[in-house]
Number of protein chains: 2
Amino acid sequence: MQEYPHHYTVAATVQSEGHVLLESAALTPIESAPPPEFGGPEGYWSPETLLVSAVADCFVLSFKAIARASSMNWISLHCEVEGVLDRVERISQFTDFNLRVTLEVPAGTDEEKAARLLEKAENACLITNSLKSATHLNAIVTIAK
Amino acid sequence: MQEYPHHYTVAATVQSEGHVLLESAALTPIESAPPPEFGGPEGYWSPETLLVSAVADCFVLSFKAIARASSMNWISLHCEVEGVLDRVERISQFTDFNLRVTLEVPAGTDEEKAARLLEKAENACLITNSLKSATHLNAIVTIAK
């Protein structure tokens, strides 16, 4: 199942006026535009928010896989990611990703183990591993009532 | 308009069963899952395809901005991006992005200038500038009939 390398293809199409259409085989297309601070309209996914989505998505899916492999029960996981776009030597790039994570687990769960698995998910995330940026994890484990 | 740094926030939420919900203020949520080769179902955006989308999207939007600044007329731009996910020293990461680009311009356009602006868009793309991966641009300029 995990034969490397894997290949992922997405096509972006745009006319001189109008939004960008993002398409990949069998997936619902996404309509995109620049974010408002770069002159775009409100309400569209942008390259910036798509990248931050990929980080948040990868973190929670990495955790799911790691928790399954460790036979750890959990209830829900919420991961808010803030990506910081800055200029480094006059080049615009993402310098930092701040992950604020809340994991809800059933009563009786080993909270230290849960926290360790969250750290492991951060290290396993193939999106942040592909980025130059620094990643900062701030995780809370809560016990369900 | 372009005061740095900029901040982009996206939240991923998941329960121990079911798909990931990706949400960002004022945007239509995206439902996501791992890609089929990592055990996911067909038909969902994944961290991998979202990252490749961000690259394709950023390239075409960078070109739009650069063409406008250079007062170059063009008709349409299609950018197919293949992201290669491989293992480097046992760590999964994107190693290469192959961009196959077709730009359609009106008759009478300076094709060399158009090709130069496509290269400039590749260099200006803030997503690939945030990635460790190598980027390879293969561009064709076609003249509209």
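Modeller: A term to begin with: two strands pair if DSSP finds at least two bridges between them. Helices (H or I, at least four residues) and strands (E, at least two) are themselves DSSP runs, numbered from the N terminus. This is a predicted model, in which local features need pLDDT of at least 70 and side-chain atom pairs count only at pLDDT 80 or more, while totals for chains, interfaces and linings use all residues. Residues are numbered from 1 along each chain as its sequence is written, chains are lettered from A and ligands numbered from 1 in the order in which they are written, and side-chain values use heavy atoms, with hydrogens and water left out.

Biologist: Which pattern does chain A follow along the sequence?

Modeller: Chain A has 2 helices and 6 strands. Its C-alpha atoms fill a box of roughly 60 × 35 × 30 Å along the principal axes. Read along the sequence, the pattern is β-β-β-α-β-β-α-β.

Biologist: How many bridges join strand E1 of chain A to strand E4 of chain B?

Modeller: E1(A) covers residues 6-15 and E4(B) covers residues 76-88. One facing pair is A:Val14 opposite B:Leu77. The two strands run antiparallel, and the number of bridges that join them is 10.

Biologist: In what sense do E4(B) and E5(B) pair?

Modeller: Strands of a sheet pair through backbone hydrogen bonds, either parallel or antiparallel. B:Val81 stands opposite B:Leu99 in E5(B). Over 13 bridges, the sense for E4(B) and E5(B) is antiparallel.

Biologist: Which residue in the hairpin of E4(B) and E5(B) takes a positive phi?

Modeller: The hairpin has 2 residues between its strands. The phi in question is near 50°. The residue is B:Glu89.

Biologist: Which strands stand at the edges of the open sheet of 6 strands?

Modeller: The order is E6(A)-E5(A)-E4(A)-E1(B)-E2(B)-E3(B), with mixed pairing. Each edge strand has a single partner strand, so one side of each is left without a neighbour in the sheet. The edges are E6 (134-143) of chain A and E3 (30-32) of chain B.

Biologist: In what sense do E5(A) and E6(A) pair?

Modeller: Strand E5 of chain A covers residues 91-105 and shares 10 bridges with E6(A). A:Leu99 stands opposite A:Leu137 in E6(A). The sense of this pairing is parallel.

Biologist: How far apart are the end C-alpha atoms of helix H1 of chain A?

Modeller: Helix H1(A) has 23 residues, 47-69. The expected span is 1.5 Å times one less than the number of residues, which gives 33 Å. The model agrees: the end C-alpha atoms are apart by 33 Å.

Biologist: How many residues of H1(A) are buried?

Modeller: Buried means under 20% relative accessible area, exposed over 50%, partly exposed in between (1.4 Å probe, protein chains only). For chain A, with 145 residues, 49% count as buried. H1(A) is mostly covered, and of its 23 residues the buried number is 20.

Biologist: How much space lies in the largest pocket?

Modeller: On a 1 Å grid over the protein atoms alone, a pocket is an open set of points with protein on both sides within 12 Å along at least five of seven lines, unlike a cavity, where a 1.4 Å probe fits but cannot get out. Grid points are joined across faces, edges and corners, and a volume is the space filled by probe spheres set on the points. For the largest pocket the value is about 960 Å³.

Biologist: Which helix supplies the largest share of the lining of the largest pocket?

Modeller: Lining residues have an atom within 4 Å of a point, and the largest pocket has 36 of them. A:Leu61 and A:Ser62 are among those nearest its centre. The largest share, 7 residues, comes from H1(A).

Biologist: Is A:Arg90 buried or exposed?

Modeller: A:Arg90 lies in the loop between E4 and E5 of chain A. Its phi is near 70°, a positive value in a residue other than glycine. At 76% relative accessibility, A:Arg90 counts as exposed.

Biologist: What is the omega of the peptide bond from A:Tyr4 to A:Pro5?

Modeller: A:Pro5 sits in the segment before E1 of chain A. The bond from A:Tyr4 to A:Pro5 is cis, with omega near -5°.
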